Amino acid sequence: MKFYLNSFFENPGSENYLKPNKNCNLTSWVSGCEPGWACSVNSNQQVNLNDAKVIPARTLNCQACCEGFFCPDGITCMIPCPLGSYCPLAKLNKTTGVCEPYLYQLPPGQPNHTCGGANIWADVGSSSELFCSAGSFCPTTTRRNTCSSGNYCRMGSTSEKSCFKLSSCNPNSAKQNMQAYGIMLLAALSTLLLIIYNCSDQVLTTRERRLAKSREAAARSARETATARQKWKTAKDAAKKHASGLQAHLSRTFSRKKDFTHPEKLKILDQVKSDDDPIQHPSTSGSVAFLSSRVTSVEKKTEPSDLLRIMQEIEDDPDGCQGFNVGTGDKNMNIPVPKGKQTHTQIFSYAYSQLEKEKAQQEDNEKLTFSGIVKLATNAEIRKRPLLEISFKNLTLTLKAKNKHLLRCVTGEIKPGRITAVMGPSGAGKTTFLSAVAGKAIGCKMTGLILINGKNESIHSYKKIVGFVPQDDVVHGNLTVEENLWFSAKCRLSTDLSERDKVLVVERVIEFLGLQTVRSSLVGTVEKRGISGGQRKRVNVGLEMVMEPSLLILDEPTSGLDSASSLQLLRALRREALEGVNICMVVHQPSYALFKMFDDLILLAKGGLTVYQGPVKKVEEYFTGLGINIPERVNPPDHFIDILEGIVVPAGSSRVSYKDLPVRWMLHNLYSVPLDMQQNNAALSRSSMDVIPANETNPSGAGMEDHSFAREIWQGMKSNVVLQRDKLHLNFLRSKDLTNRRTPGAFQQYRYFLGRVGKQRLREARILAMDYLILLLAGACLGSLVKVKDQSFGADAYTYTIIAVSLLCKIAALRSFSLDKLHYWRESASGISSLAYFLSKDTIDHFNTVIKPAVYLSMFYFFTNPRSSFADNYIVLFCLVYCVTGIAYSLAIVFEPGTAQLCSVLLPVVLTLIATQPKDSEFMKILANLCYPKWALEAFVTANAERYYGVWLITRCGSLLKSGYNVHDWHLCIAILVSIGLVCRVIAFICMLIFQKK
């Protein structure tokens, strides 16, 4: 047997695949050497069965091979047929001369020779006649039975297998028809997907509706309480006034001495009131008693009204009125905090009661006297934030690549509790100035000082209390206004803040930004319209306001807003400034009303030179001192910008040029003036843009030397390397936290991210439904068109499966990170955990990793009906989807969306072609091992090949050996697929940290 099997590995020189041996060679050829015949050994000959190298002499009693055995050509040996084979005696077909059912012929020149038994057992392509035919089963090698109805028998079966219910199996069936299951699953999944497609928003909408009811009830209760309180105050003031007048009238009527002045103060309704006019005092105690009895008789004649009764109840039980304390006024209102976990209604009641109190306080503040302002400023109940004062001296930013000034000699400060506007024409470096203050300037050389609270510290140490509003509205379009604000608040507010205080912060921002009407509306995307552009801009600002910053930097927050929305935004920022927030913002030509709401102004000229820095109230006075007067009916900021642009020539006798204004400001504040600006004021515009050494005598010629083309290319490459280095330094910069704010950790933020990404996926359920539908169609098409062949153990069908699933799952996985890059960059810059962001995306995508293999196999498996189990195919496909999802993450993060999609299409095809090429060289083997399709295909094929036994062993061994597979490496293939997925995710995360833009 070993001699026979070893012959498969030898290269035959002729049709006789067995090499010559002592029994059958050129000089000895007995009848047993013919196919289907065998001989026996001499009865006296001793045979050592343990010695496989020695072939015994077997030349006696040659006869036809017995049933159930096969006798190879040229070996005179009879070998048992394997299980699953059918080995009857051959019969001669006199027409063709072939011994049927086998394919050998009688030896020529020997007419008395007869057909023997089976002659060969090899692969199914060479010896298919030995295999038990499809539709039949062979319990023994000499018996073949037809498969009965309700059962199916594959080729080489030893027993019949029962068909599943609802599957059709006619007599003599080779496989069960399971297309009914596929059609049922297709109908069920299609119905489910249609339900998800049309009802995906209902889950979130129902929950939001319940919260909205609690919120509206709390708001209504707070408004009613505030209205009752206002009415009570009005009635109380009226009653006090009426009682005071009545007392004065009675005093004048019943007093005996009208000229006597009473110095006492009358106490009415528990309030002490001083009367400036002289009151006549009765001279005897009897008159006082008479006065008292007279007032009592008047009160008895008049029944108290309902309002007076309510007033009396409130006076008797001040704490009985929820939401305010009348004993000490609204300023000291305190709501008792219930023990244990509070309900949504209790939290909203607290929040809206506080909001109503703040509104009333704001109205009272407008009527404050000087003593009231002092009392408000010293009120310990008003929660103040940590103060951040930013001062800068000779701040200069120079581009490293072009040696060009972006900012130059900027000196000043921005103070807590004040709103500073940064203005100037285009190219004045306004955004660059904000980036320098926020520590985001890269690719530049910075000189000068930026001090925080008078100390030379990094602004990154205060990242937790610094808010930066970008110019673009980077807001999640598939979340509502409230969800956007709530996520920012939960991740960035202090963990020491209670839940109800966080609700108050968010509700306050929504209220003061005027977003109440759209709080439950989706922000919207390019494809799906949501809120208006002005509302989106306010949401963009609100994302930073809800984290209660101490320094708030805004880049053009009023651009695109109308005057009413701009004023509303400035009022909200003004309220932030009252709590000590340092606010600095870039604005473009604001209206006069908006301009007057700013406290300070930084006016920059082209080239980043300061023209004015100081209070807004004194800017007109300063320019008037220069001889620049503002014409009537002209908006001052518009006039200043037009002068700095050179559009308007300053009127008056001073003849001041706009190019001289930065030098005038330096001289006005006794700042040092750069040498080049002193030498050539007329060419100030150019000198402010080009770096000129202090000892340069002819600045006009600077930067004019010619460079070779190669030198310019080298300089460009060098500057790009420097820029990338600065980006990496900024991305991985870690500064010591100098704030006392303790924000949620990575695990807690991971929970918040899970909630947010889950909501986004629910709102994208229609896109997911389309992904699943395409997978269903792909599985049905491939299952119908490509069959699992026994000869290749389904390798062809599984190859197409790997390409299709890889392509569809990669394209879908690209959306996880390609569409949210801007949002991640903003959140990462604010200190939100990158690890929590990445893990939450990956965790939610595991839902697709689990579902998509089942969706595809629900069609493909039941249409092709391979021998491997559904579980084996699902595990391999699950690991394949996990692997390609990790690869898609890396592509989405590293490349632009278009390039990433192109790579996702090409990679599965190219890698699969490499993995299925013949491994003729060592290089091809190594290259194939680096391709994930090789391991996925091997796992599919080996899982299927394990189900082939008996007569299929030689076929299985030859096929796997040809492909370089090992039937025992299934677990190794699974482990490698999972490892590739993990490694790609690690690479994607590292690239996400490297390529982020802050």
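# A walk through a predicted chain

The chain I am showing you today, which is a predicted model, has a secondary structure that comes to 30 helices and 21 strands. There are 998 residues in the chain, and 47% of them count as buried. If we take the contacts between residues at least 6 apart in sequence, then 69% of these join residues that are at least 24 apart. As for the outside, the accessible surface of the chain comes to about 50,900 Å², and 57% of that surface belongs to carbon and sulfur atoms.

Let me turn to the cysteines. A disulfide, for those who have just started, is a covalent bond between the sulfur atoms of two cysteines. How many disulfides does the structure hold? The count is 8, and I will go through some of them one by one.

One of them is formed by Cys 65 and Cys 71, whose sulfur atoms lie 2.2 Å apart. The angle about the S-S bond is 80° here, and the link of Cys 65 and Cys 71 is right-handed. Both Cys 65 and Cys 71 are buried.

Another disulfide is made by Cys 81 and Cys 87, with 2.0 Å between their sulfur atoms. Is the link of Cys 81 and Cys 87 left-handed or right-handed? With -120° about the S-S bond, the link of Cys 81 and Cys 87 is left-handed. Cys 81 has a relative accessible area of 10%, which is under the 20% cut-off, so Cys 81 counts as buried. Cys 87 is also buried, because its relative accessibility is 0%.

The next disulfide joins Cys 99 to Cys 115, at 2.0 Å from S to S. The torsion about the S-S bond of Cys 99 and Cys 115 is about -75°, and therefore this disulfide is left-handed. Cys 99 sits in strand E6, which covers residues 98-100, while Cys 115 sits in the loop between E6 and strand E7 (136-140), so the pair ties together parts that are 16 residues apart in sequence. Cys 99 and Cys 115 are both buried.

Not every cysteine is paired in this way, since Cys 883 is in no disulfide, and the nearest cysteine sulfur, which belongs to Cys 984, is 6.0 Å away. Cys 883 is nevertheless buried, with a relative accessible area of 0%. Cys 991, at 13% relative accessibility, counts as buried as well.

Now to the segments that come from a record. UniProt, in an unreviewed entry, places the feature "transmembrane region" at several stretches, among them residues 874-892 and residues 972-995. In the model, the chain over residues 874-892 is 100% helix and 0% strand, and its end C-alpha atoms are 26 Å apart. Over residues 972-995 the chain is 96% helix and 0% strand, with the end C-alpha atoms 34 Å apart.

Next, the nonpolar cores. The largest nonpolar core has 102 residues, and those with the most contacts inside it are Phe 817, Phe 838, Tyr 856, Leu 880, Tyr 932 and Met 992. Which helix gives the most to this core? That is helix H25, covering residues 870-894, which gives 13 residues. To look at one member in detail, and leaving out residues up to four places away in sequence, Tyr 856 touches Leu 775, Ala 778, Gly 779, Leu 782, Thr 801, Val 805 and Leu 877. There is also a second, separate core of 61 residues, which includes Val 469, Phe 595, Phe 623 and Val 656.

A charged residue deserves a moment too. Glu 544 lies in helix H11, which spans residues 533-545. Is Glu 544 buried or exposed? Its relative accessible area is 2%, so Glu 544 is buried. The side chains of Glu 544 and Arg 492 are joined by a polar contact of 2.9 Å. Apart from its neighbours within four places in sequence, Glu 544 is in contact with Gly 467, Phe 468, Val 469, Arg 492, Pro 549, Leu 552 and Arg 826. You may recognise Val 469 in that list, as Val 469 is included in the second core.

My last residue is Met 677, which lies in helix H17, residues 675-679. Met 677 counts as buried because its relative accessibility is 0%. Between Met 677 and Pro 662 there are 9.4 Å in space, C-alpha to C-alpha, and the two are 15 residues apart in sequence.

How values were computed:
Residues are numbered from 1 along each chain as its sequence is written. This is a predicted model: local features need pLDDT of at least 70, side-chain atom pairs count only at pLDDT 80 or more; totals for chains, interfaces and linings use all residues. Side-chain values use heavy atoms; hydrogens and water are left out. A disulfide is a pair of cysteine sulfur atoms within 2.5 Å. Buried means under 20% relative accessible area, exposed over 50%, partly exposed in between (1.4 Å probe, protein chains only). Helices (H or I, at least four residues) and strands (E, at least two) are DSSP runs, numbered from the N terminus. UniProt positions are given in the numbering used here, feature names are shortened, and annotations may be inferred rather than shown by experiment. A nonpolar core is a set of buried Ala, Val, Leu, Ile, Met, Phe, Trp, Tyr and Cys residues joined through side-chain atoms within 4.5 Å. Contact means heavy atoms within 4.5 Å. Accessible areas come from the Shrake-Rupley method with a 1.4 Å probe; for residues, only the protein chains shown count as cover. A polar contact is a pair of N or O atoms within 3.5 Å; within protein, one must be able to donate a hydrogen and the other to accept it, and residues adjacent in sequence count only if both atoms are side-chain atoms.
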